[in-house]
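Visitor: I am new to this structure and would like a close look at one part of it, explained step by step. Please take your time and connect each detail to the next.

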Amino acid sequence: MKTELIIRSNSSDIDFALLRDGKLIELNKETSDNNFSVGDIFLAKIGKVMTGLNAAFVNVGYPKDGFLHYHDLGPQVQSLNKFIKKVSTGNYKEFTLKNFRFEEDINKDGSINDVLKSGQNLLVQIVKEPISTKGPRISSELSIAGRFLVLVPFSNRISVSQKIADPKEKERLKKLAKSIKPKGFGLILRTVAEGKKVAELDKDLQNSLERWKTMCKRIANNNTPTKILSELNRASSILRDVMNDSFTSIVTNDETLKVEIKEYLQEIYPEKEKIVKHHRSDVPIFEKYGIERQIKTSFGKTVSMSKGAYLVIEHTEALHVIDVNSGNRSNKSLNQEETALEVNLIAASEIARQLQLRDMGGIIVVDFIDMKSAENRQKLYQHLKEAMSLDRTKHKILPPSKFGLVQITRQRVRPELEIKTREPNPNKNGEVEAPIVLLDKIEAELERILNNGKNYKEITLNVHPFIAAYLTKGVNSIRFKWFVQHKKWIKILPRDAYQYLQYKFYLKKKA
């Protein structure tokens with residue numbers, strides 16, 4: 001598996017594209033005016049305390065107040081309140097919590113009125129970015145994420161990622177964490193900590209402690225609301241969360257960003273520093289790596305897959321619905337049940353990619369092609385779970401029902417990524433599909449024709465003259481590549497009467 005991170009920077013924002021074996025699996029954007037990212041910590045002011053909701057609205061500087069439920073306070077919120085009061089004076093500078101006297105845990109079924117008062121200051125962390133008309137979702141149970149571990153102030157708990165399956169490795173990591181854990185802090189060992197030595201864990205811990213101390217210094221004499229600790233920029237947070245041996249290149253068109261990434265990699269993964277490169281070509285960076293094309297073909301309502309199958313993705317206010325279609329595909333070597341299983345397995349892999357790529361959250365219902373065999377439904381379920389195992393966002397998948405429906409819940413922490421894939425119609429009013437998508441549609445239909453089990457004497461493609469010229473241009477033309485791939489020569493006929501994006505295959509059977 002080959003992983004690449006391609007970063008496009010311009011004056012106002014930065015786009016990050018994560019490729020796995022050349023396929024786009026994640027697309028992120030960092031804008032210069034985004035002041036409310038997941039992980040940011042604010043010194044905020046409590047607004048209305050709502051007894052009926054057992055929650056409070058908190059002013060974090062966003063037009064809509066953040067929502068803080070009693071269950072998101074954390075058991076040691078009274079200790080946090082006490083710490084903020086001490087540090088706010090400017091006289092208390094013992095930020096390590098070594099000699100700090102903890103208060104008792106709050107009652108898990110208590111009332112928010114017993115803990116918070118309107119007008120008081122509180123440290124809160126963004127756990128869900130503002131979405132639509134809602135303000136950010138926040139928590140006062142703070143955490144500072146490092147590469148190998150997460151530092152949790154006002155806690156003594158040590159836990160290990162559930163994705164580490166080996167019980168011996170879990171026990172080893174717990175012992176190492178216990179040996180380096182500072183008093184007053186809890187630790188969560190991340191999945192990437194597997195196999196790491198104590199020195200590497202301790203170095204990561206010290207970096208997180210320094211961030212905690214820097215944050216605490218900003219509490220004193222600061223107006224509320226104010227951000228006092230920012231999550232790492234998107235480039236650093238992506239590298240922190242997913243960097244591994246599979247990374248083969250990190251490419252950016254920004255020289256300054258290249259230097260910053262190299263410096264960060266020196267801290268977390270020095271052996272990978274040499275894979276960072278500066279893109280100097282006249283060809284735009286996203287076009288050079290085929291990302292623009294993948295964006296256009298991946299974000300529409302209809303998503304094409306291999307062997308002529310396709311997905312239809314619909315979004316409603318309450319949930320997302322994905323319909324799997326075989327594309328009227330037939331194969332004599334397979335019966336109906338085998339065909340359904342084959343298409344469903346292809347669709348499951350693409351759905352796992354789409355959820356991550358679009359960052360779809362909430363409830364997702366997938367209508368797979370019906371399969372009678374319980375064994376095949378189980379195969380599909382296992383394949384979907386494996387395909388989604390690389391997704392860092394929390395999710396849960398229910399087994400397929402007898403009707404072929406699969407329900408997925410996926411944590412929603414930021415707005416879903418939406419990209420317009422249709423363009424103004426050059427011939428009349430309205431919109432048409434982006435021309436860049438046309439070639440994928442033609443190739444998908446050609447593949448379906450050649451795989452339907454029939455042997456054709458001649459296949460002719462009728463297209464607009466501009467498209468015909470594009471398909472036949474040069475010795476290594478697209479048509480020649482089709483011939484090498486399929487061992488079949490495709491006749492291409494320019495049609496002046498066709499609109500720009502119109503095409504049609506004509507098939508002549510053997511006598």
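Which residue forms a salt bridge with Glu26? And from there, please lead me to the sheet that contains strand S10 and to the helices that pack around that sheet.

Guide: Please keep in mind from the start that this is a predicted model. The residue you ask about is Arg392, which forms a salt bridge with Glu26, and the closest N and O atoms of the two are 3.1 Å apart. Glu26 belongs to strand S3 (residues 23-31), whereas Arg392 sits in the loop between helix H9 (374-387) and strand S20 (395-397), so the pair ties together parts that are 366 residues apart in sequence. The two partners can also be described by their surroundings: Glu26 counts as buried because its relative accessibility is 6%, while Arg392, at 34% relative accessibility, counts as partly exposed.

This pair belongs to a wider set, for the structure holds 17 salt bridges. Another of them joins Arg137 to Asp72, with the closest N and O atoms 2.9 Å apart. Here Arg137 lies in strand S8 (residues 137-139) and Asp72 in the loop between strand S6 (66-69) and helix H1 (77-88), so this pair ties together parts that are 65 residues apart in sequence. Arg137 counts as partly exposed, at 30% relative accessibility.

A further salt bridge brings us towards the sheet, as it is made by the side chains of Glu210 and Lys213, with 3.8 Å from N to O. Both residues lie in helix H3 (residues 198-217), where they are 3 residues apart, about one turn of the helix. Glu210 counts as partly exposed at 45% relative accessibility, and Lys213 is partly exposed as well, with a relative accessible area of 27%. Elsewhere, salt bridges that share partners join Arg8, Asp15, Lys29 and Glu292 into one network.

Now to the sheet itself. It is an open sheet of 4 strands in the order S9-S10-S12-S11, and the pairing is mixed. Its edge strands are strand S9 (144-145) and strand S11 (158-160), each of which pairs on one side only. If we walk through the sheet from S9, we find that a hairpin joins S9 to S10 through 3 residues, and that these two strands pair in the antiparallel sense over 2 bridges. Within that pairing, Ala145 stands opposite Val150 in S10.

On its way to the next neighbour, strand S10 (residues 149-153) pairs with strand S12 (residues 185-189), again in the antiparallel sense, over 5 bridges. Two facing pairs help to place these strands: Leu151 stands opposite Leu187 in S12, and Val152 stands opposite Gly186 in S12.

Strand S10 deserves a pause. In a regular strand the side chains alternate between the two faces of the sheet. In S10, Leu149, Leu151 and Pro153 point one way and Val150 and Val152 the other way, and all are buried. With 5 of its 5 residues buried, S10 is therefore largely enclosed by the rest of the structure.

Part of those surroundings is helical. Helix H2 (residues 167-180) lies across S11 and S12, and runs at about 150° to S11. H3, the helix that carries the Glu210 and Lys213 pair, also packs on the sheet, where it touches S9, S10 and S12, and its direction makes about 40° with that of S10.

The two helices also meet each other. Two packed helices are described by the angle between their axes and the distance between the axes. For H2 and H3 the angle is about 50° and the axes are 10 Å apart, and the two helices are therefore oblique to each other. H2 passes H3 in a right-handed crossing. The residues that make this contact are Leu173, Leu176, Ser179 and Ile180 of H2, together with Val198, Leu201, Asp202 and Leu205 of H3.

Finally, it helps to set this part within the whole. The protein has 12 helices and 26 strands, and its C-alpha atoms fill a box of roughly 95 × 55 × 50 Å along the principal axes. Buried residues make up 46% of the 511 residues. Among contacts with a separation of 6 or more, 67% are accounted for by residues 24 or more positions apart.

Key. Residues numbered from 1 in each chain as written. Predicted model: local features only at pLDDT ≥ 70, side-chain atom pairs only at ≥ 80, totals over all residues. Heavy atoms only, no water. Salt bridge = Lys/Arg side-chain N within 4 Å of Asp/Glu carboxyl O. Buried < 20%, exposed > 50% of the residue type's maximum accessible area, 1.4 Å probe, protein only. Pairing = 2+ DSSP bridges. Contact = heavy atoms within 4.5 Å. Axes fitted to C-alpha atoms, helices over the stretch in contact; angles between N-to-C directions. Parallel < 35°, antiparallel > 145°, perpendicular 65-115°, else oblique. Left-handed = near helix turned anticlockwise from the far one by under 90°.
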